[in-house]
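User: Hi, I'm new to reading structures. Can we walk through one together?
Analyst: Sure. Here is the one we will look at.

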Amino acid sequence: MGRLTPTVPLLAALLRMLSASTLEDGDTDETVVSYKGYQLIRVFPMDGPQVDLVRSLVDKEEQVTLWSRHFAPSRGVDTYRRNQSSAADLLTSPQVKGTVVDYLDTHHIAHLVLIQDLQTAIESENPPMEPEEEEWENRGGHRLSWTRYHRHKDIDSYLDYLANTYTDICQTEIIGKSSQGRDLKLLKVSTGGKGKPAIWIDGGIHAREWISPATVTYILLHLVEFRDQHSELLDSVDWYILPLANPDGYEYSHSTDRLWRKTRSRVGGSRRGSGCYGVDPNRNWDFHWAPGSPSDSCREDFSGPRAFSEPETRAMSEFILSRQGEIKVYLTVHSYSQMWLVPWGYKEEKPRDYYDMYTLAEKGVEALEAIRGTDYLLGTAAELLYTAPGGSDDWAKGVAGIKYSYSIELPDTGDYGFVLPANQIEPVGQETWAAVKAIATHFADGHN
Ligand SMILES: [Zn+2]
């Protein structure tokens, strides 16, 4: 499908409204963002003052963005493992790179370059579609694979394929629509019967974290298409799986800006040329939600004009509440940093039943690490990262009352960051599936 490039704005708007296939290819009048010469620099602040210096650099310098930070104080008493020193990853434009390095050197803050040229990493991340994959679709199947990252419509049609092929256990449900009108399609996997515990898994809340939906569909592949290998997990547990929770942002990250994180709603009354697009869908949940002012609308972590301003978060929350009591585990899959995060994320204190939550998570992490030795950190977001309000995992625990609520931050630890090469989908999928199986086995064994 080619991209339409009308020159009259009104015509463009009309065409967008009329043509779903145009929409599938993303926004039509944006040029693709290039990250040529951008570098990812990891900094290692040694103490509080150095952390503050890094923070003020990010705040002041518009062309420096924070990809990931691990400003954890060195408590380490009850975190699973502490094998990473305090670090932050900064994406730096070629224009300010020299200034940034001078600043770090002047303040004696250790640093190293993780990615020499981000555009090169982006261009080699995802191999082209194989001819066989195209053919397979023509034979009435689907063209999803786990050797490359696919667009929304391939992921969507895989869910339809599963529902049409495994009619006895799979059912799709459209739980809502995105701002731009894309279906939020969920797959329910169940062998029937009432009163079973259910596990919810969502992927792709953050658009640029491509490894997340790829891993969630890998989990679906094994759960459904290799069901004979673990029939007890289907007999005793129901599954609600939403691989792409933010399809607009995901498509935009394919078509226009590889590093897009948020939704694509129009916020702050923005029209083209004023204000910014999108809300961080992991700051938008109605539990200790922190309001952002309209002037924050350009920030990557803008929490939205109000809690649940985004149709995506609203639809997910309504579905989850409609299954309240049934869903026993909430898993939300993000990247990157190799962490298994336990609430709370909005404050330093831990929930009263933290020990139970931690113990089950430990089973998942141990099963994951047994596959190929990938190191994961386990603890609260406040311990391992930073406190942040309005996250989906806190809401699932605090409002929906789901005892076991976790965020999984998939690989890597910064060698590629968000731009993880597609040849990592299968190994990441295998180990994450092992973790999910370990969690499900707990319930298959009759625990609650
Ligand atoms: Zn994320």
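Analyst: One definition to start. Buried means under 20% relative accessible area, exposed means over 50%, and partly exposed is in between. Also keep in mind that this is a predicted model.

User: OK, let me try that out. Is H288 buried, exposed or partly exposed?
Analyst: H288 is partly exposed, because its relative accessible area is 43%. That value falls between the two cut-offs, 20% and 50%.

User: Where does H288 lie?
Analyst: H288 is in the loop between α10 and α11, and α11 covers residues 311-322.

User: What about the phi of H288?
Analyst: The phi of H288 is positive, about 50°, although H288 is not a glycine. Most residues other than glycine have a negative phi.

User: Which residue besides that has a positive phi of about 55°?
Analyst: Q338 does, and Q338 is not a glycine either. Q338 sits in the loop between β9 and β10. Q338 counts as buried, because its relative accessibility is 11%.

User: New topic. Which atoms coordinate the zinc ion?
Analyst: The zinc ion is held by ND1 of H206, ND1 of H334 and two OE atoms of E209. The distances run from 2.1 to 2.4 Å.

User: What kind of site is that, going by the angles of the zinc ion?
Analyst: The site is irregular, with angles of 57 to 147° among the 4 donor atoms. A tetrahedral site would need all angles between 85 and 135 degrees.

User: How are the donor residues spaced in sequence?
Analyst: The spacing is H-x2-E-x124-H. H206 and H334 link distant parts of the chain, 128 residues apart. H206 is in the loop between β7 (198-203) and α8 (211-225), while H334 is in strand β9 (327-335).

User: Is H206 buried or exposed? And H334, buried or exposed?
Analyst: H206 is buried, because its relative accessible area is 3%. H334 is buried too, at 2%.

User: Let's do pockets. How much space lies in the second largest pocket?
Analyst: That pocket holds about 450 Å³. It is lined by 24 residues, and N126, R148, R151, W210 and H254 are the closest to its centre.

User: How do the residues of that lining divide into nonpolar, polar and charged?
Analyst: The lining has 8 nonpolar, 7 polar and 9 charged residues.

User: Which helices supply at least two residues of the lining?
Analyst: They are α5 (118-125), α7 (152-165) and α10 (247-255). Helix α5 gives the most, with 4 residues.

User: Why does the second largest pocket lie between domain 1 and domain 2?
Analyst: Both domains give residues to the lining, so the pocket lies between them. Domain 1 is 39-125, and domain 2 is 133-253 + 306-444.

User: Back to α10. How many residues of α10 are buried?
Analyst: The count is 9 of the 9, so α10 is largely enclosed by the rest of the structure. Among them are P247, Y250, Y252 and H254.

User: Now peptide bonds. Which residues does a cis peptide bond with omega of about 0° join?
Analyst: That bond joins S335 and Y336. Y336 lies in the loop between β9 and β10, where β10 is 339-342. A second cis bond joins P343 and W344, with omega about 5°. W344 is in the loop between β10 and α12 (354-372). Most peptide bonds are trans.

User: Last topic, contacts across the chain. How far apart are P213 and P243?
Analyst: They are 30 residues apart in sequence, and 5.0 Å apart C-alpha to C-alpha. P213 is in helix α8. P213 counts as buried, at 1% relative accessibility.

User: What about V216 and G203?
Analyst: V216 and G203 are 13 residues apart in sequence, and their C-alpha atoms are 6.1 Å apart. V216 also lies in helix α8. V216 is buried, because its relative accessible area is 0%.

User: And how far is P411 from S337?
Analyst: Their C-alpha atoms are separated by 5.7 Å, with their positions 74 residues apart along the chain. P411 is in the loop between β12 (404-410) and α15 (425-444). P411 is buried, at 4%.

Definitions and conventions: Residues are numbered from 1 along each chain as its sequence is written. This is a predicted model: local features need pLDDT of at least 70, side-chain atom pairs count only at pLDDT 80 or more; totals for chains, interfaces and linings use all residues. Side-chain values use heavy atoms; hydrogens and water are left out. On a 1 Å grid over the protein atoms alone, a cavity is a set of points where a 1.4 Å probe fits but cannot get out, and a pocket is an open set with protein on both sides within 12 Å along at least five of seven lines; lining residues have an atom within 4 Å of a point. Grid points are joined across faces, edges and corners, and a volume is the space filled by probe spheres set on the points. Ala, Val, Leu, Ile, Met, Phe, Trp, Tyr, Cys and Pro count as nonpolar, Asp, Glu, Lys and Arg as charged, and the others, Gly among them, as polar. Domain bounds come from an automatic or database domain assignment. Donors are N, O and S atoms within 2.8 Å of the metal (3.2 Å for Na, K and Ca); water is not among the atoms, so sites may look incomplete. Four donors count as tetrahedral if all angles lie between 85 and 135 degrees; four count as square planar and six as octahedral if opposite donors are over 155 degrees apart and all others between 65 and 115; anything else is irregular. Buried means under 20% relative accessible area, exposed over 50%, partly exposed in between (1.4 Å probe, protein chains only).
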